[in-house]
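The exercises below are meant to be worked through slowly, with the sequence and the structure side by side. Each one gives a task and then a solution in steps.

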Amino acid sequence: MFKRLKNDFIKDTAILTGGTIVAQIIPLIFYPILSRLFLPSEFGLLAIVTSVTTLIGVIATGKYEYVILITRSKKSAANLILLTLLLSFSILLIYEIAFIFLGTLLSNILNEPSLKYWILVSPPIAFFIIIYQCYNEWCVRNHYFTNISINKITNTSVITLSKLLLGKGIIIPGGLIIGEILGRFISATACIYHSLKKDYLLFLSPSFRQIRFLIFRYAECPKYVMPAQLLNTVGGEIPVFVLGALFNATELGYYSMACMILSLPSSIISLAVRDAFRKKANDIYKTNGECHNIYTKTLSVLMLISFIGFSIFYLIAPDLFAFVLGKEWTKAGIYARILCPMVAISFVSEVGFSMFIIAEKMKAILWWQTEYLILTIISLSIGILFFNTMEAVLTCLVIGRCIIHLTSIFMSRKFSLGK
């Protein structure tokens, strides 16, 4: 049985990696064009809108989508998705109303005048992303890995092409952000279409009695996982707000581009492996009460890939950015070099973090995310108070993040050993 699971794991990983590679090649091809169509300050504004979107998206779902994978039946999983969508729609509607009245205040705090208009697109984008995430969890649970690959290609293609077609305000101003919302809308629509096409009976006949049961059955999600994920998101996005407020939108644009480029290997390999790993590790854990063998082998391979790949990238980052994106983006390459160690370790830890959910260690998630936020704030504070240069602040951030990601790997390894 383990041999069959191992072969399936390799096959699933290959399918997901292949689809993800294609999905990421598309934006990679057009990054040199987008970097010449839009100014660094425009990428900085998009980074702020994206950060706000991420924050409100975490709160809106109650993180019920986290347990779609471990539900006992397809019907329960389908009702859990409906619960997540209904809850998120209601909460995001409240946010939309709040932003109408608070947009000017937020734009003044973050030193970005045009944000008072663009922040209004954050709730719709957040809802479209939630649809995409729910569909991804549904596919992982039901072993629809080919669908995940197709969906990833669709998602990145429409977002990138929308930004390209709306570049430089040819049709309307703010093409970078409008392209983002248009692309996310098309991607979410595709998710709904594929879900109903394959499993429409499960979604068209919801059981509100079961939805009520699921609210209490997985009450630890809004109680522990949602606050934990909110802490993680605040910790992840706080550099965007701090750097934008202390420096300027151009510097923030360089940082944003560095993060986008560095995220490519994580999207191509780490997240593809994570989805396949979660499914197989969950199956083995349910049967044996532990999954240490597949955990160790998976993370060992990822560590080797991470060390080799990011070492090479560290050496060539500034020249690579200047050659591909244009000389005006050389500083983004310098920032990418500084961020390399942090991304190399998180590349591995993101896969292992699945063990927190598989082992149902919800309280441990909250503890780790609290530590993540605290170390992020401390690292940024040290950089700002003692150095106050962009390079020094990023270096301090990297040191703090490396410590916390190593802690995640240690904890997830312990959870893989079982009870």
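**Exercise 1.** Are Phe-277 and Tyr-295 buried or exposed?

Solution. The structure is a predicted model, in which local features need pLDDT of at least 70 and side-chain atom pairs count only at pLDDT 80 or more, while totals for chains, interfaces and linings use all residues. Residues are numbered from 1 along each chain as its sequence is written, and side-chain values use heavy atoms, with hydrogens and water left out. Taking buried as under 20% relative accessible area (1.4 Å probe, protein chains only), both Phe-277 and Tyr-295 are buried.

**Exercise 2.** Describe the aromatic pair that Phe-353 forms with Phe-356, and place the two residues in their cluster.

Solution. Rings of Phe, Tyr and Trp (its six-membered ring) pair if their centres lie within 6.5 Å, and planes under 30 degrees apart count as stacked. Phe-353 and Phe-356 are 4.3 Å apart from centre to centre, with 25° between the planes, and this pair is stacked. Phe-353 and Phe-356 are both buried, and they belong to one aromatic cluster together with Trp-368, Tyr-372 and Phe-415.

**Exercise 3.** Find the surroundings of Ser-76.

Solution. Begin with accessibility: Ser-76 has a relative accessible area of 12% and is therefore buried. Leaving out residues up to four places away in sequence, Ser-76 touches Thr-71, Gln-210 and Leu-214, where contact means heavy atoms within 4.5 Å.

Technical notes. Buried means under 20% relative accessible area, exposed over 50%, partly exposed in between (1.4 Å probe, protein chains only). Rings of Phe, Tyr and Trp (its six-membered ring) pair if their centres lie within 6.5 Å; planes under 30 degrees apart count as stacked, over 60 as edge-to-face and the rest as tilted.
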